[in-house]
Amino acid sequence: MSKELSLDAIDNIDFAKGDGLVPAIVQDADSGAILILGYMNRYAFEQTPARKRAVFCSRSKQRLWEKGETTGHTLDVVGVALDCDADTLLITAHPRGPACHNGTLTCFGDESRTAAGDIAFLAKLERVVEQRATEKPEASYTARLLEKGINKVAQKVGEEGVETALAGVAETSDKVVEESADLLFHLLVLLRARGVALRDVIGKLESRHTK
């Protein structure tokens, strides 16, 4: 089983097995998509938590390189884990733009390769709602709605719920999709207004499923 690592745990990593390098798999912290495979030596591993961005060791250039150092498409590190053989790292990160130098979201293309990848956009949208609530940009509908208070937010959820139900009875499938999207968005805003995390709702669904 992998475990979360701190810089103090560097001596647990078996760099010797790979002649001073270990593979580092980077995974999107929201979608779970595998973004990129790089290699780290001890110094790159030390620099990653220090900068809070993924830093690799280039085997061709024989130097450290920070992902996005020229494009700005960095990988902002959320966590680091070591595999059971202590010779491979798993980095979870939030990508700032495409992870691949070819412009694709990952080094394996743009396609979503798991069902979780499609649903995980909700987690990314939750972070956007949180950002709007914190920064309060003037042009943001989300920020303006939150400023009106919980009663107004709850009212919008109710309105969108009714519109979704009516669309389900009498409208086209495209309209059902449109109204459902509005409902999910406003539900995320309501959760933010109440200080409830989306993962708590998912956890409740999971607990019911296991029963």
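Guide: A helix here is a DSSP run of at least four residues in state H or I, a strand is a run of at least two in state E, and both are numbered from the N terminus. Welcome, and please keep in mind that this model is predicted.

Visitor: Thanks! In which helix does Val201 lie?

Guide: Val201 is partly exposed, with a relative accessible area of 35%. Together with Val196 and Leu205, Val201 makes a nonpolar surface patch of about 220 Å². Residues 198-210 form the helix that holds Val201, and that is helix H7.

Visitor: How many disulfides does a search of the whole structure find?

Guide: A disulfide is a covalent bond between the sulfur atoms of two cysteines. For Cys100, the closest cysteine sulfur belongs to Cys107, 4.2 Å away. The cut-off for a disulfide is within 2.5 Å, so this pair is too far apart for a bond. Across the whole structure, the number of disulfides found is zero.

Visitor: Is Cys100 buried or exposed?

Guide: Its neighbor Cys107, with the closest cysteine sulfur, has a relative accessible area of 36% and is partly exposed. Cys100 has a relative accessible area of 8%. Buried means under 20%, so Cys100 counts as buried.

Visitor: How many residues does the largest nonpolar core have?

Guide: In soluble globular proteins, nonpolar side chains tend to be buried together. In this model, the residues with the most contacts inside the largest core are Ile13, Val26, Met40, Phe45, Phe56, Leu75 and Leu89. Elements that each supply at least two residues of this core include strand E2 (22-28), helix H1 (42-51) and strand E7 (89-95). The size of the core is 24 residues.

Visitor: And how many residues are in the other core, the one with Val129 and Phe185?

Guide: That core lies apart from the largest one. Ala133 and Leu190 are also among its members. Its size is 13 residues.

Visitor: Which helix holds Thr142?

Guide: Thr142 counts as buried, at 8% relative accessibility. Leaving out residues up to four places away in sequence, Thr142 touches Val129, Arg132, Phe185 and Val189. The helix that holds Thr142 spans residues 141-147 and is helix H4.

Visitor: Let's turn to charges. How many residues apart in sequence are the parts that Arg51 and Glu66 tie together?

Guide: Arg51 and Glu66 form a salt bridge, with their closest N and O atoms 2.9 Å apart. Arg51 lies in helix H1 and Glu66 in strand E5 (residues 63-66), so the separation in sequence of the parts they join is 15 residues.

Visitor: Which residue is linked with Arg51 and Glu66 in a network of salt bridges?

Guide: Within this network, Arg51 counts as partly exposed at 30% relative accessibility, whereas Glu66 is buried at 9%. The other residue named in the network is Arg53.

Visitor: With which residue does Arg63 form a salt bridge?

Guide: Arg63 counts as partly exposed, at 36% relative accessibility. Its partner also counts as partly exposed, at 42%. The closest N and O atoms of the pair are 3.2 Å apart, and the partner is Glu69.

Visitor: Which helix holds both Glu178 and Lys175?

Guide: The side chains of Glu178 and Lys175 meet in a salt bridge, 3.8 Å from N to O. Glu178 is partly exposed at 43%, and Lys175 is partly exposed at 27%. The two residues are three apart, about one turn, and both lie in helix H6.

Terms used
Residues are numbered from 1 along each chain as its sequence is written. This is a predicted model: local features need pLDDT of at least 70, side-chain atom pairs count only at pLDDT 80 or more; totals for chains, interfaces and linings use all residues. Side-chain values use heavy atoms; hydrogens and water are left out. Buried means under 20% relative accessible area, exposed over 50%, partly exposed in between (1.4 Å probe, protein chains only). Patches are made of residues with over 30% relative accessible area and no salt bridge: like charges are joined within 9 Å, nonpolar side chains (Val, Leu, Ile, Met, Phe, Trp, Tyr) within 5 Å. Accessible areas come from the Shrake-Rupley method with a 1.4 Å probe; for residues, only the protein chains shown count as cover. A salt bridge is a side-chain nitrogen of Lys or Arg within 4 Å of a carboxyl oxygen of Asp or Glu. A nonpolar core is a set of buried Ala, Val, Leu, Ile, Met, Phe, Trp, Tyr and Cys residues joined through side-chain atoms within 4.5 Å. Contact means heavy atoms within 4.5 Å.
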